[in-house]
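Student: Please take me closely through one part of this structure, the surroundings of the ligand, and then work outwards from there. I would like a connected account rather than a list.

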Amino acid sequence: MSKRKKQIAAIKGTNDILPQEVGKWQKVEAVAAGIFRVYGYREIRSPVFEATELFEKGTGQTSDIVIKEMYTFKDKGGRSLTLRPEYTPSVVRAIIENRLYLQSQPLRFYFIGPMFRYDKPQKGRYRQFHQMDIEVFGEEDPAVDAEIVEMADYLLERLKVSGRKILVNSVGCRGCRTDYLKELREKAESAHRELCEDCQRKIGTNPLRIFDCKVEKCREISTGFPSITDYLCTECRDHFRKFCGYLDLYNIAYKTEPRLVRGIDYYTKTTFEIISSKLGAQDAILGGGRYDDMMKDFGGPDICGIGFAVGMERLLSLVPFSEPEKNFVYIVCMGEEARTMGMELARDLRRERIECLLEYKKRSLKNQMSRADKLGAAWVLIVGEDEVKKGKYQLKQMATGQQKEFTAEEIRSVLKESS
Ligand code: AMP
């Protein structure tokens, strides 16, 4: 006996989305795309890999994503490439490269697709995961900050995601952050010995990142650190006040979380997250914020931006869903001539957008009927030699057991009516 060949397994932290799960993905994607469209967003699609430099510069040299989590490799031409760990730098690049900023602003784009991060896989955290992402460019008004939070909240409402909580904050601009970072660094320095090794390094690079640390001790210590909200300049404070005011106008409940700095370096002013207590340790369904400097830092025009990304896997785990009833026709053919007729009938019904399955194997009528039942067919169309001669076929409705004879034309209209 031959030995069984060694199987090749999927890469750790990646998931197959199986046919029985795809219906839910499609539903969520369709609901989201429909909502994004009525808020004025258009879809944009960019490559899965980019120059590594794009993320180093965009996502930021001090972010965990760039330091630890990127899938970076050299291609055969020796270029350093990275599988995108997030979407914003790619959209900004695409806007500059395609001069989309010449179109009337604000520009509103959405995107749905896979992201890649070499993170420690666990429930809700994968190495290939999917995000739905929206971005707005060229609108400084805090009304747009509130509009996107309202849209995110509406999306979750439509998908019946209960138990969600909105957290908001302002991380200020480069101006007000300078003073704050000085104070924060001093405070962190005084707690140096108690912090984890990673956080000790962050004191020198970007002490703001200490707030992202997952180590309990560091989290505890950082609650005693100064908070950015006390250091905001007049403009940033005013922006945050107005943003919160608009959320009140929309009747949206939120909580100001002064330590919500999010794990990415480019944020300015508004940051926010929507979390769910039903998610466990990885509780953020979506997160985002403003990034007013990225476009000009990339050598493009001085156009501000704001956006958010929804984690699809986490979102889907919270969305109730039941598969729609199957409504397909199983065509049973008895004999060679009947089979040819069955093939033609199937083609014609499919042209009318009626789902059909045809049995190609030679099986008895009884056997085929029980197969139709097992597969969950709503209808069975029986094509035998006699039927072919008459030009009339037996159509059986499985739920009621009713069976009647129809012409091909009649079958089409009965099935169309029922679909
Ligand atoms: P971020 O791009 O880090 O701001 O994350 C936005 C959202 O993407 C989070 O709120 C999560 O829902 C989701 N997300 C981030 N990283 C992962 C991951 N490794 N696996 C699954 N979902 C993730």
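Tutor: In this predicted model, a backbone N or O atom of Tyr-126 lies 2.9 Å from a nitrogen atom of the ligand. A side chain takes part as well, since a polar atom in the side chain of Arg-117 is placed 2.7 Å from an oxygen atom of the ligand. The backbone enters again at Gly-311, where an N or O atom is found 3.3 Å from a ligand oxygen. Around these polar approaches the protein covers 92% of the 480 Å² of accessible area that the ligand has on its own. Strand 6, strand 10 (284-290) and strand 11 (305-311) are the elements that each give two or more residues to the shell around the ligand, and the largest share, three residues, comes from strand 10. There are 13 residues around the ligand, and those that come nearest are Arg-117, Tyr-126, Arg-262, Ala-284 and Ile-285. Sorted by class, the shell is made up of six nonpolar, three polar and four charged residues.

Strand 6 leads on to another part of the model. Strand 6 (128-137) is one of the elements against which the buried residues of helix 4 pack, and the others are strand 2 (49-51), helix 2 (52-58), strand 5 (107-116) and helix 10 (294-297). Helix 4 itself spans residues 88-97 and is mostly covered, with eight of its 10 residues buried. Those buried residues run through Thr-88, Pro-89, Ser-90, Val-91, Val-92, Arg-93, Ala-94 and Ile-95. After helix 4 comes Arg-99, whose phi is positive, near 50°. Further along, the loop between helix 4 and strand 5 also holds Pro-106, and the peptide bond that joins Gln-105 to Pro-106 is cis, with omega at about 0°.

Helix 4 also meets a residue from the loop between helix 2 and helix 3 (64-69), namely Thr-59. Leaving aside residues up to four places away in sequence, Thr-59 touches Leu-54, Ile-65, Val-66, Glu-86, Pro-89, Ile-264, Asp-265 and Tyr-266; among them, Pro-89 is also one of the buried residues of helix 4. The side chain of Thr-59 makes a polar contact of 2.7 Å with the side chain of Glu-86. Is Thr-59 buried or exposed? Thr-59 has a relative accessible area of 0%, and therefore counts as buried, the limit for that word being under 20%. For a sense of distance across this region, Thr-59 and Tyr-101 are 42 residues apart in sequence, and their C-alpha atoms are 21 Å apart in space.

Strand 10 and strand 11 can be followed outwards in a similar way, through Asp-145, which lies in helix 5 (residues 142-158). With residues up to four places away in sequence left out, Asp-145 touches His-239, Phe-243, Thr-270, Arg-290 and Ile-306. This charged residue counts as buried because its relative accessibility is 0%.

Some backbone angles deserve a careful look too. Lys-269, found in strand 9 (residues 268-276), has a positive phi of about 50° although it is not a glycine, and at 10% relative accessibility Lys-269 counts as buried. Asn-251 is another residue other than glycine with a positive phi, here near 60°, and its place is the loop between helix 9 (234-249) and strand 8 (255-256). Asn-251 is exposed because its relative accessible area is 71%, which lies over the 50% limit for that term.

A glycine with a positive phi appears in the hairpin that strand 3 and strand 4 form: five residues separate the two strands, and in the turn Gly-78 has a phi of about 80°. Strand 3 (residues 71-74) and strand 4 (residues 80-83) run antiparallel and are joined by four bridges. Thr-72 has Thr-82 of strand 4 as its bridge partner.

Conventions. Residues numbered from 1 in each chain as written. Predicted model: local features only at pLDDT ≥ 70, side-chain atom pairs only at ≥ 80, totals over all residues. Heavy atoms only, no water. Buried < 20%, exposed > 50% of the residue type's maximum accessible area, 1.4 Å probe, protein only. Contact = heavy atoms within 4.5 Å. Near = heavy atom within 4 Å. Polar contact = N/O pair within 3.5 Å; in protein donor to acceptor, adjacent residues only side chain to side chain. Areas by Shrake-Rupley, 256 points an atom, 1.4 Å probe, with all protein chains shown as cover. Pairing = 2+ DSSP bridges.
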